[in-house]
Amino acid sequence: MVRARPSMQELIGRRRRAGFIGRGGERAAFRENLDLPPEDERHRFLFHIHGQAGVGKTFLVRELEQTARERGALTAYVDESVGSVPEALSALSREFARQEAECKKLDRALTSYRERRHEAEAVAAGLDSTSPEGPSPVTATAVRAGLVGLGLIPGAGPFVGAVDPAQVAQAADG
């Protein structure tokens with residue numbers, strides 16, 4: 001059987017990975033961790049990567065991501081370019097779907113959140129803000145509904161609980 005020649009992209013990728021210098025300890029610890037079953041007390045679920053700007057943190061994360069994928073792990077990458085928790089969760093869901101692992105429950109919660117947010121914004125846009133006594137009942141209800149929708153998103157619940165609906169409604173009316 002004749003093996004096809006690797007593409008230029010594959011050759012460049014191999015050489016780039018082979019030429020990765022430094023952070024050997026972190027790479028070895030990550031590989032060893034992947035070999036441990038999740039039930040093992042030594043198994044870590046978080047790896048903290050830090051360092052000064054320009055030292056290769058992003059490159060290292062991408063290297064670890066590739067290592068994990070080669071071992072069959074589901075991976076996703078989100079950086080500071082996302083502006084909110086719902087955006088980050090959407091990016092994660094899209095990346096998982098590309099790896100044939102759909103997050104149907106998360107996708108439904110995100111859709112519900114977007115619908116509730118759209119409804120709340122539509123209600124807030126149509127209100128008269130001349131009432132000095134406080135937020136209108138419509139605004140207060142829309143804000144509460146929006147916060148309930150946000151609370152459905154995994155990971156956002158604790159943050160939503162810290163928000164005062166009355167203050168948000170007052171600001172929306174203002």
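In this predicted model, helix α4 crosses helix α5 in a left-handed sense. Two packed helices are described by the angle between their axes and the distance between the axes. For α4 (residues 85-98) and α5 (residues 104-125), the angle is about 145° and the axes lie 10 Å apart. On the α4 side, the contact is made by P86, L89, S90 and S93, which meet L106, D107, L110, Y113 and R114 of α5. By class, the residues of this contact comprise five nonpolar, two polar and two charged.

Salt bridges form the next topic. Side chains of opposite charge can pair when their charged atoms come close. The structure contains ten salt bridges, and three of them are listed below with their N to O distances.

| Salt bridge | N to O distance |
|---|---|
| R71 and D35 | 2.5 Å |
| R69 and E95 | 2.5 Å |
| R116 and E115 | 3.6 Å |

The side chains of R71 and D35 meet in a salt bridge, and this pair connects distant parts of the chain: R71 sits in the loop between α3 and α4, D35 belongs to helix α2 (residues 24-35), and 36 residues separate them. R71 has a relative accessibility of 41% and therefore counts as partly exposed, whereas D35, at 55%, counts as exposed.

A salt bridge also joins the side chains of R69 and E95. This pair likewise links distant parts of the chain, with R69 in helix α3 and E95 in helix α4, 26 residues apart. R69 is partly exposed, with a relative accessible area of 33%; E95 is buried because its relative accessibility is 15%, and the cut-off for burial is under 20%.

In the pair R116 and E115, R116 is partly exposed at 30% relative accessibility, and E115 is partly exposed at 41%. Elsewhere, salt bridges with shared partners join R62, E65, R69, E95 and R98 into one network.

One member of that network, E65, is located in helix α3 (residues 57-70). E65 has a relative accessibility of 13% and so counts as buried. Leaving aside residues up to four places away in sequence, E65 touches T75, A76 and Y77.

Helix α6 (residues 137-151) permits a check of helix length. At 1.5 Å a residue, its 15 residues should span 21 Å, and the end C-alpha atoms are 21 Å apart, so the two values agree. The buried residues of α6 are T139, A140, A142, V143, G146, L147 and G149.

Note on methods. Residues are numbered from 1 along each chain as its sequence is written. This is a predicted model: local features need pLDDT of at least 70, side-chain atom pairs count only at pLDDT 80 or more; totals for chains, interfaces and linings use all residues. Side-chain values use heavy atoms; hydrogens and water are left out. Helices (H or I, at least four residues) and strands (E, at least two) are DSSP runs, numbered from the N terminus. Buried means under 20% relative accessible area, exposed over 50%, partly exposed in between (1.4 Å probe, protein chains only). Contact means heavy atoms within 4.5 Å. Axes are lines fitted to C-alpha atoms, for helices over the stretch in contact, and angles run from 0 to 180 degrees between N-to-C directions. A crossing is left-handed if the near helix is turned anticlockwise from the far one by less than a right angle, and right-handed if clockwise. Ala, Val, Leu, Ile, Met, Phe, Trp, Tyr, Cys and Pro count as nonpolar, Asp, Glu, Lys and Arg as charged, and the others, Gly among them, as polar. The expected span of a helix is 1.5 Å times one less than its number of residues. A salt bridge is a side-chain nitrogen of Lys or Arg within 4 Å of a carboxyl oxygen of Asp or Glu.
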